Each structure stands twice: as structure tokens, then as C-alpha cells.
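Me: Please take a close look at one part of this structure. Keep the sentences short and connect the details as you go.

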Amino acid sequence: MAATFVHREGDLLCPQCSGIYCLPVLLKCGHNICKICLQKFWKWKGSRECPVCRTVSVPERPPINLPLKIAAEEYQLQQSSKDQEVCFFHKEQLTLFCLNDDKPICSGCQMSTQHKVHECCTLEKTEFSTMLESFRKKLKMLEKTETQADQNEKMIKEEFQTLHEFLQNEEMTRLQTLRQEEKVKTQVMCEKLELITNQIKCLASTISEVETALKAKDLSFLQVHDEKKCDFQEPECIRDILINSSKHLGLLKFGVWKKMSQIVYFVPITLDPNTAHFNLEFSQELSCVKYSRKQLLPNNIERCTSRLCVLGSSGFTSGKNSWTVEVGQSRDWYIGVARESIKRKKTVFLNPSEGFWVIGLTNGDTMWAQTSPPTKLCLKLMPEKITVELDCDKGKVVFVNAADRTTIYTFKDKFTERIFPYISPGISQEGTISNTLTIQPMNMTMNLV
């Protein structure tokens, strides 16, 4: 008869494997063992002994301890529940965590033989919540990084699709030109061939008639000779009748590349979206920026969140560098340079002491140089394109009206670290969209050696 199960600690642990019972069987001596553990032990021992007390069991198959089996299954079911907060053995709150078994336990479990030598630590609900929130943030960051990679992949494919379409159209255009030339020259050859064929027929007929006349009297021959006398011209030698291979194949790649320069442009700087505020949107290979709806982006350490701005992707430590920004009819904007160590998460003033050398337009009518205090710039006309000239060695930042090359303002300072382009498109009156600020492409020239 199966033993009556007593609900106390240790009753659900197999003495052989130290785990929760899996199909426990009851031996004659009264000990319970997992059926699989018992079979393995008997096979290894070579006799039907009890693994605990070495009592030899009867030849019959040991019966299953049904109450113990049910209790073990109930325990495992409760352990798998996510809402488990009370210890199954001691009915106490699970306030500890066993690092060896990687599971929560109660204070009673910690004092038991099962966990007495294990390393345990306290872990309150708040700690669980904090840890869980930290894991969630890391998961979101990984998901955003994956999304960013997918977006970059999509944009790369779109750019290459544009190039593929250009090359395909150029190929079709050149093949059509070749076929057109082939058609025209084939038609000319056919017309000339038809003329020569007619002349051959006419000449053959004349020869036949002359040969017939030669067999007649002399007078008849002379008459035929006078009648058939005609002018046969030599076949015309046609120039440029062959396909102009040099036109179609000569410098083919160079010609395509030169034509491609009409759709491919070069900008001296590109913008770094990893430094951009959440409300900025980019286009045209990261050379255009505008204010837009807030985007779901990771709040990485490089990102500027205190101001609506973006930095260039490359910084400068020496030499002269310049770029032109088209501000158009935008009513609010700031452009210039900033040092690498600017505070990106805290509110700062746009002035040289904080690491900014910029000028800006406010309300569409007043332009300022962001000194301390700001310097009002009096201009007859608001420029639509402004060139920023950075001389790292001389410590100068010069703002020039690109239309007439007049100087708007000049900063003089000493740069001790890497300097980055700084652009802020500002917020429109509607608060939803603004004019785009665009880095102007440079004119490309080809030097042929």
C-alpha cells in the first residue's frame, strides 16, 4: 500500500537525484525513488538494493506512490506559474533569490538542507521592478538599433535603385542610337546596292545585244554600236558607311560617368542623425534637415536633446574648411560651429564660452551673432545662402553672404578641441513643419591629365 504523503520540506525531493520526484516508486523499505533513478542505480549496482538503506527489494516491480506523484506535479505546476509569490513548502513570501538554483526562495528555504550552502541574496519587489525596467530599456534600445539598421538598408537600396535606373536608361539610349545608325546606314547601302544591281542588268543586256550584232554585217554592227553607246560609272565609294564604333565604344565609361555627374553631387559636410534632436528629419543623403514630428529614437549620449539641432558627421582640428547653407525663407534658424564637448542633454546658452560660435535669425526679421551678450546684425537684405568659413589654425569663424561675398560676422577664438558644424532649423509658426536647411553641393571639375 502506498505511503501517506506528509506535507513538509524534503518530501518532494528524490534522495538519488536531489530533484523533484518524477514518477516516484515506493520500495519495501519505505523509501521513495524516481523510477528512472532506481532503474539506473540497479543497472549500475547489479542488484535490486535501495539506494538509501541498501535493503534488497522483492523481485516484483515496486508500485508508484500516487499521492507523492500528485504532490510533485502540483508543485511543478505552481513553480511554472508567473504569479508565484508564496513558497510551496513553507507558505512564506519569496523574499530571497538562490543564485545557485536561479530561483526565488523564502527564508525557510534558506535554512533548509537544500539551500543552506547556496549563495542567496535579498531582492525586494522594487529591485525586481527596477531590474525589469532596465532590461526593458535595453531591449527597446536593441530594437531601435535594429530598426535604424533596417532604415539605413532601405535608404541604401533606394539610392542604388536610382543609380541602377540611370544606368539602365543610359544603356537603352545608347543602344537605340546604335540601332538608329544601323538602320540609316543599312538603308543607304540597300539603295546603292539596288542602283548597282540595275546597272549590272543594263550592262549585261547591252553586252548581249553587242555580241549578237557582231555576228551580223558590218553596217548593222555600227548601227547597234551607236544605239547602245552609254556611260557606265564606276560604283561609288561611300564614306562613313560602317558603324562608328569609336563613337559608341570610345570612352564609354567616362562618358557615362560624366553624364552621371548631372545627378550625383558632392557636399563638403554631411549631417550626423545620431546627434540630432528627436524632432529633426533628414533627406537627400543627409544634406537637408527640417523640423518634423517627434521620432522614436534612442537617447544615446551623442544625441542633442537640450536644443533643436544637429552636428556634422565629421569634425575639424586644423586647416581651412568651408560650406554653404541655404536657409531660404526660413524665419528661425541658427548655423555655425560647436566644439565636441558641448553639453548635449542640459540647457546651455549659444555663445563661445559654452562652445558655440553661431549666428541666427529670429522672427524672420532680426539676425544675431550669438556672443555674450548677443550682437545684433544690421543687414539690408536677409541672405538666403550663407557660407561658413572655419580656420582652425587661426581660430576664426567667418560668416559670408554667398550671394555677394560680403562678410556678415567674424568670430575670433582659440580652438583646443575638435570643432563640428552646427545647424538648427528652428520651429515654424505652426509648430509642425519648417523650411528645410540645405548644405549646398559644390561644383565638381574634372582635371584631365
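Reply: Lys 157 counts as exposed, because its relative accessibility is 54% and the cut-off for exposed is over 50%. The model is predicted, so every value here is computed from predicted coordinates. The partner of Lys 157 is Glu 153, and the two form a salt bridge. Their closest N and O atoms are 3.2 Å apart. Both residues belong to helix α4, which spans residues 125-214. They sit 4 residues apart, about one turn of the helix. Glu 153 has 40% relative accessibility, so this residue is partly exposed.

Why can such side chains pair at all? Side chains of opposite charge can do so when their charged atoms come close.

Helix α4 holds further examples. Arg 179 and Glu 182 meet through their side chains in a salt bridge, at 3.5 Å from N to O. Here the spacing is 3 residues, again about one turn of helix α4. Glu 182 is partly exposed, at a relative accessible area of 36%.

Next comes Glu 181, which forms a salt bridge with Lys 185. The closest N and O atoms of this pair are 2.9 Å apart. Both residues lie in helix α4, with 4 residues from one to the other, about one turn. Are these two partners buried or exposed? Glu 181 has 12% relative accessibility, so it counts as buried, the limit being under 20%. Lys 185 has 17%, so it counts as buried too. Another group is linked through shared partners: salt bridges join Glu 170, Arg 174 and Lys 259 into one network. A search of the whole structure gives 7 salt bridges.

Now the part to study closely: strand β15 and the sheet around it.

Strand β15 covers residues 396-401. How many of its residues are buried? The count is 5 of 6, so this strand is mostly covered, buried being under 20% relative accessible area.

Strand β15 pairs with strand β14, residues 385-391, through 6 bridges. The two run antiparallel. Asp 391 stands opposite Lys 396 of β15. Ile 386 stands opposite Asn 401, also in β15. The strands β14 and β15 make a hairpin with 4 residues between them. Gly 395 in this hairpin takes a positive phi near 65 degrees.

Strand β15 also pairs with strand β16, residues 406-412. Again there are 6 bridges, and the strands run antiparallel. Val 397 stands opposite Phe 411 of β16. A hairpin links β15 and β16, with 4 residues between the strands. Arg 405 lies in the turn and has a positive phi of about 65 degrees.

Strand β16 contains Thr 410. This residue is partly exposed, because its relative accessible area is 30%. The C-alpha atoms of Thr 410 and Glu 389 are separated by 9.4 Å, although the two are 21 residues apart along the chain.

Where does β15 sit in the wider sheet? The sheet is open, has 7 strands, and follows the order β6-β7-β18-β9-β14-β15-β16, with antiparallel pairing. β6 (280-283) and β16 stand at the edges, and each has a single partner strand, so one side of each is left without a neighbour in the sheet. On average, neighbouring strands of this sheet are turned by 20 degrees against each other, direction ignored.

Last, the enclosed space. The model has 2 cavities of 30 Å³ or more. The second largest has a volume of about 50 Å³. Which residues line this cavity? They are Cys 304, Ser 306, Arg 307, Cys 309, Ile 342, Lys 343, Arg 344, Val 348, Phe 356 and Tyr 422. By class, this lining has 6 nonpolar, 1 polar and 3 charged residues.

Technical notes:
Residues numbered from 1 in each chain as written. Predicted model: local features only at pLDDT ≥ 70, side-chain atom pairs only at ≥ 80, totals over all residues. Heavy atoms only, no water. 1 Å grid on protein atoms, 1.4 Å probe; cavity = no way out; pocket = protein on both sides within 12 Å on 5 of 7 lines; lining within 4 Å. Points joined across faces, edges and corners; volume = space filled by probe spheres on them. Nonpolar A, V, L, I, M, F, W, Y, C, P; charged D, E, K, R; others polar. Buried < 20%, exposed > 50% of the residue type's maximum accessible area, 1.4 Å probe, protein only. Pairing = 2+ DSSP bridges. Salt bridge = Lys/Arg side-chain N within 4 Å of Asp/Glu carboxyl O. Axes fitted to C-alpha atoms, helices over the stretch in contact; angles between N-to-C directions.
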